[in-house]
Amino acid sequence: SFGNTDVIHYVIEPIERGKKRIDISKTGFLIEHDAFWWKENVYFKSNYIDDRFAYTYKYPDDDDVTEEIQDNIKSYINLFEESLYNNDKISNYIDLESFAKWLLIHDILGSEAIGSNRFLYKYDLKQNNIYTSKLKMSTPWDFDSSFRCSSWSDIHHSSIYYFPKLLENTQFLQTYLSLWNNIKPSLLSQFKDSMNVIKL
């Protein structure tokens with residue numbers, strides 16, 4: 001028999017490029033901040049990424065990732081990281097709301113999000129204008145550790161990803177607070193309504 005996590009993974013659609021899934025053009029990309037990068041044929045490490053992780057590809061497929069494509073994607077990630085760690089305007093590179101929503105979901109659920117999969121995507125990456133779209137956090141994944149944190153998700157403080165540094169950034173913090181303030185008044189009542197619909 002499957003464990004609870006396996007059952008959840010089998011019934012949820014995979015995170016991938018496609019119609020009614022993740023909207024990415026042919027020049028865009030979908031990557032994973034991956035603890036199991038060493039199992040993949042193609043991966044890259046960026047300037048500020050934790051050594052235990054690397055970025056692996058969900059789109060394009062490994063076979064289609066040329067050296068030029070890899071260099072272009074890695075360059076964009078490095079530009080974002082330099083902006084973040086040098087306290088520049090990160091909104092030039094990332095969609096603040098998608099990053100804030102990803103974190104807020106894990107905070108509300110009390111997830112130990114360190115072990116959650118982290119997917120990033122960009123609609124397109126045109127070398128004549130890299131700013132036509134911004135890097136986004138994709139669909140949250142892996143909630144088997146929910147309701148284990150009594151306050152913030154533990155990824156607030158973990159060096160494995162960007163959130164400790166993002167939470168020092170005024171732009172990001174304002175976005176996060178705005179999202180929270182918008183849902184806070186009705187969050188409990190919506191939760192109760194959802195539970196009342198469930199028939200046991």
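A residue counts as exposed when its relative accessible area is over 50%, and as buried when that area is under 20%. In this predicted model, Asn87 has a relative accessibility of 56% and therefore falls in the exposed class. Asn87 sits in the loop that links α2 to α3, and its backbone is worth a look too: phi is positive, about 60°, although the residue is not a glycine.

With that term in hand, the chain as a whole can be introduced. Five helices and five strands make up its secondary structure, and read from the N terminus the elements follow the order α-β-β-β-α-α-β-β-α-α. The protein chain has 200 residues, of which 44% count as buried. Contacts that reach far along the sequence are well represented: among those between residues at least 6 apart, 67% join residues at least 24 apart.

Strand β1 offers a good example, since it holds Ile31. The relative accessibility of Ile31 is 0%, so this residue counts as buried. Leaving aside residues up to four places away in sequence, Ile31 touches Phe44, Tyr55, Thr56, Tyr57, Lys58, Ile77, Arg118, Phe119 and Leu120. A separation of 9.9 Å is found between the C-alpha atoms of Ile31 and Met137, although their positions lie 106 residues apart along the chain.

Moving along the chain, the loop between β3 (54-59) and α2 (67-85) contains Pro60. The peptide bond that leads from Tyr59 into Pro60 is cis, and its omega is near -5°.

Helix α2 itself has 19 residues, which at 1.5 Å a residue should span 27 Å; its end C-alpha atoms lie 26 Å apart, so the two values agree. Its buried residues are Gln70, Ile73, Tyr76, Ile77, Asn78, Phe80, Glu81, Ser83 and Leu84. Among the elements that cover them are β1 (29-34), β2 (43-44), β3, β4 and α4. The residue with positive phi described at the outset, Asn87, follows this helix.

Helix α3 (residues 96-109) comes next in this account, with 14 residues and a reach of 20 Å from first C-alpha to last, close to the 20 Å expected at 1.5 Å a residue. Buried positions in α3 are Leu96, Ser98, Phe99, Ala100, Trp102, Leu103, Leu104, His106 and Asp107. Their cover includes β4 (118-122), β5 (136-137), α4 (163-166) and α5 (170-197). Just after the helix, Gly110 adopts a positive phi of about 60°.

The packing of α3 with α5 can be described in more detail. Two packed helices are described by the angle between their axes and by the distance between those axes. For α3 and α5 the angle is about 50° and the axes are 9 Å apart. The pair is therefore oblique, and α3 passes α5 in a right-handed crossing. On the α3 side, the contact is made by Leu96, Glu97, Phe99, Ala100, Lys101, Leu103, Leu104, Asp107 and Ile108. On the α5 side, Gln171, Phe172, Thr175, Tyr176, Leu179, Trp180, Ile183 and Leu187 take part. By class, the residues of this contact divide into twelve nonpolar, two polar and three charged.

How values were computed: Residues numbered from 1 in each chain as written. Predicted model: local features only at pLDDT ≥ 70, side-chain atom pairs only at ≥ 80, totals over all residues. Heavy atoms only, no water. Helix = DSSP H or I, 4+ residues; strand = E, 2+ residues; numbered from the N terminus. Expected span 1.5 Å × (residues − 1). Buried < 20%, exposed > 50% of the residue type's maximum accessible area, 1.4 Å probe, protein only. Contact = heavy atoms within 4.5 Å. Axes fitted to C-alpha atoms, helices over the stretch in contact; angles between N-to-C directions. Parallel < 35°, antiparallel > 145°, perpendicular 65-115°, else oblique. Left-handed = near helix turned anticlockwise from the far one by under 90°. Nonpolar A, V, L, I, M, F, W, Y, C, P; charged D, E, K, R; others polar.
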